[in-house]
Amino acid sequence: MTLTTILSLLGFAMVAGWTPGPNNALVATSGAQFGFRRTFPHVAGIGVGFPFMVFCVSLGLGAIFQQSALIRESLRILGIVVLLWFAWKVATTGKPSAQSGRRRPFTFLESASFQWINPKGWIMAISISSQFADPERPIYSSAIIAFIFILVGFSSASGWTLFGTAMQRWLTTDARANAFNWTMAIMLLLSVFLIATSRLAT
């Protein structure tokens, strides 16, 4: 993989990682509710889970996904249902000080597992692997792709979490908290719309 290809991949990863999406909306909300330290396992799940998924897809798992309409549509439906549930939970979260003892942030395993049922993540992973994976050196190129997404995943998820954490000082009224929560929920609903109207096969 040439330096030009790596830089192109890095630019793609930065755009994909930092723009609004399900992961970023969820960690921002978690940061606002629980702070950075308690949200870090969620961040780590993204930073490790998605790169591992991209690595597997680049080595050939994506071909199975592309060839099976049943898998694609089942994943689409499951992803839509899960994201709708997350959107409802985010919208009705309330102020940080109003959280009940039963509420908690994502664990590392929950966050990493979510990457595998996120149709948007599959679309990205297949697109990335088709553009940047080298069939002549599959393990080497897949490892580079995964490493870049580890760097970008941790930085973007941390950045959105810090944004949410910084919002804690502002979310002192019900009106402000509701505005923030509904903004994050709308980001999730937009993802649902894009998933529902896009083709999961490339």
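Three helices, α2, α3 and α4 (108–114), each supply at least two residues of the lining of the largest pocket, so let's start there in this predicted model. The greatest share of that lining comes from α2, which gives six residues. In total, 22 residues line the pocket, and those nearest its centre are Trp85, Phe86, Lys89, Arg104 and Phe106. If you sort the lining by class, you will find ten nonpolar, seven polar and five charged residues. The volume of this pocket comes to about 580 Å³.

Phe86 is a handy bridge to the next stop. Besides lying among the residues nearest the pocket centre, Phe86 is one of the residues with the most contacts inside the largest nonpolar core, along with Leu26, Leu83, Met184 and Leu188. That core has 27 residues, and α2 (22–67), α3 (69–91), α6 (138–167) and α7 (174–197) each supply at least two of them. Another core, of 18 residues, lies apart from it and includes Ala13, Phe50, Phe149 and Val152.

To see how the largest core is knit together, pick out Leu188. Leaving aside residues up to four places away in sequence, Leu188 touches Pro22, Ala25 and Leu26, as well as Leu83, Phe86, Ala87 and Val90.

Finally, turn to the start of the chain. Thr2 sits in the segment before α1 (3–18). Is Thr2 buried or exposed? With a relative accessible area of 48%, Thr2 is partly exposed, because that class ends at 50%, above which a residue counts as exposed. The side chain of Thr2 also makes a polar contact of 2.9 Å with the side chain of Thr5.

Definitions and conventions:
Residues are numbered from 1 along each chain as its sequence is written. This is a predicted model: local features need pLDDT of at least 70, side-chain atom pairs count only at pLDDT 80 or more; totals for chains, interfaces and linings use all residues. Side-chain values use heavy atoms; hydrogens and water are left out. A nonpolar core is a set of buried Ala, Val, Leu, Ile, Met, Phe, Trp, Tyr and Cys residues joined through side-chain atoms within 4.5 Å. Buried means under 20% relative accessible area, exposed over 50%, partly exposed in between (1.4 Å probe, protein chains only). Helices (H or I, at least four residues) and strands (E, at least two) are DSSP runs, numbered from the N terminus. Contact means heavy atoms within 4.5 Å. On a 1 Å grid over the protein atoms alone, a cavity is a set of points where a 1.4 Å probe fits but cannot get out, and a pocket is an open set with protein on both sides within 12 Å along at least five of seven lines; lining residues have an atom within 4 Å of a point. Grid points are joined across faces, edges and corners, and a volume is the space filled by probe spheres set on the points. Ala, Val, Leu, Ile, Met, Phe, Trp, Tyr, Cys and Pro count as nonpolar, Asp, Glu, Lys and Arg as charged, and the others, Gly among them, as polar. A polar contact is a pair of N or O atoms within 3.5 Å; within protein, one must be able to donate a hydrogen and the other to accept it, and residues adjacent in sequence count only if both atoms are side-chain atoms.
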